[in-house]
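Please give me a guided tour of this model that I can follow in a viewer. Tell me what to select at each stop and what is there.

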Amino acid sequence: MEFSNITSIAGPRMSASPAPVDPAAREAAREFEAMMLGQMVDSMMATVKTGTFGGGHAEETWRSFLSDAIGAEMARGDGTGIAAQIEGAIARYRQGGAT
């Protein structure tokens with residue numbers, strides 16, 4: 001298999017913002033992406049042993065905080081492209097365009 005043409009985990013970017021950038025929409029989209037990625041990471045972490053923390057409620061709480069932090073870090077910068085798609089959908093909705 002040849003992987004030399006892969007440039008990022010998100011793949012090619014689509015134009016998601018036909019309208020001028022709305023800072024509130026951009027922030028809402030990034031927060032949504034971070035929350036979604038955090039939930040995905042939390043689901044993955046629930047399937048693996050995290051170490052010698054002893055389990056219980058405290059470990060579940062810690063795992064949740066760690067998952068949220070990982071999701072926020074993944075969404076920072078270019079993220080995975082989810083935020084760009086959400087931002088584009090918000091812009092189209094505000095313009096009265098189709099989905």
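Select Glu87 in this predicted model. At 8% relative accessibility, Glu87 counts as buried (under 20% relative accessible area with a 1.4 Å probe, protein chains only; exposed is over 50%, and partly exposed is in between). Now add Arg26, which is partly exposed at a relative accessible area of 30%. The two side chains form a salt bridge with an N to O distance of 3.2 Å; the term stands for a side-chain nitrogen of Lys or Arg within 4 Å of a carboxyl oxygen of Asp or Glu. This pair links distant parts of the chain, since Glu87 belongs to helix α3 and Arg26 to helix α1, 61 residues apart.

Before moving on, some conventions. Residues are numbered from 1 along each chain as its sequence is written. The model is predicted, so local features need pLDDT of at least 70 and side-chain atom pairs count only at pLDDT 80 or more, while totals for chains, interfaces and linings use all residues; side-chain values use heavy atoms, with hydrogens and water left out.

Next, select helix α3, residues 82-95. Helices are DSSP runs of H or I with at least four residues, numbered from the N terminus. From first to last C-alpha, the 14 residues of α3 reach 20 Å, close to the 20 Å expected at 1.5 Å a residue, where the expected span is 1.5 Å times one less than the number of residues. Ala83, Glu87, Gly88 and Ala91 are buried in α3. Look down the helix axis: these buried residues fall within an arc of 135°, so they line one face of the helix. The arc is taken from the directions that run from the helix axis to the C-beta atoms. What covers them includes α1. Gly96 follows α3 and has a positive phi, near 80°.

Which residue meets Arg94 in a salt bridge? Select Asp22: the side chains of Arg94 and Asp22 are 1.9 Å apart, N to O. Here too the pair links distant parts of the chain, with Arg94 in helix α3 and Asp22 in the segment before α1, 72 residues apart. Arg94 is exposed at a relative accessible area of 54%, whereas Asp22 is partly exposed at 23%.

Keep Asp22 selected and show the backbone of Ala24. Asp22 caps the N-terminal end of α1, with a side-chain oxygen 3.2 Å from the backbone nitrogen of Ala24. Computed from C-alpha to C-alpha in the viewer's distance tool, Asp22 and Glu87 should read 8.5 Å, although they are 65 residues apart in sequence.Now select α1, residues 23-45. Its 23 residues should span 33 Å at 1.5 Å a residue, and its end C-alpha atoms are 32 Å apart, which agrees. The buried residues of α1 include Ala25, Ala29, Leu37 and Val41, and what covers the buried residues of this helix includes α2 and α3.

For another salt bridge, select Glu73 and Arg76, whose side chains meet at 3.3 Å, N to O. Glu73 is partly exposed at 46%, and Arg76 is exposed at 60%.

Finally, colour by pLDDT, the predictor's confidence in each residue from 0 to 100. The protein chain averages 78, and 72% of the residues score at least 70. Residues 14-18 stay under 50. Where pLDDT is low, the predicted coordinates should not be read in detail.

Terms used. Helices (H or I, at least four residues) and strands (E, at least two) are DSSP runs, numbered from the N terminus. Contact means heavy atoms within 4.5 Å. A polar contact is a pair of N or O atoms within 3.5 Å; within protein, one must be able to donate a hydrogen and the other to accept it, and residues adjacent in sequence count only if both atoms are side-chain atoms.
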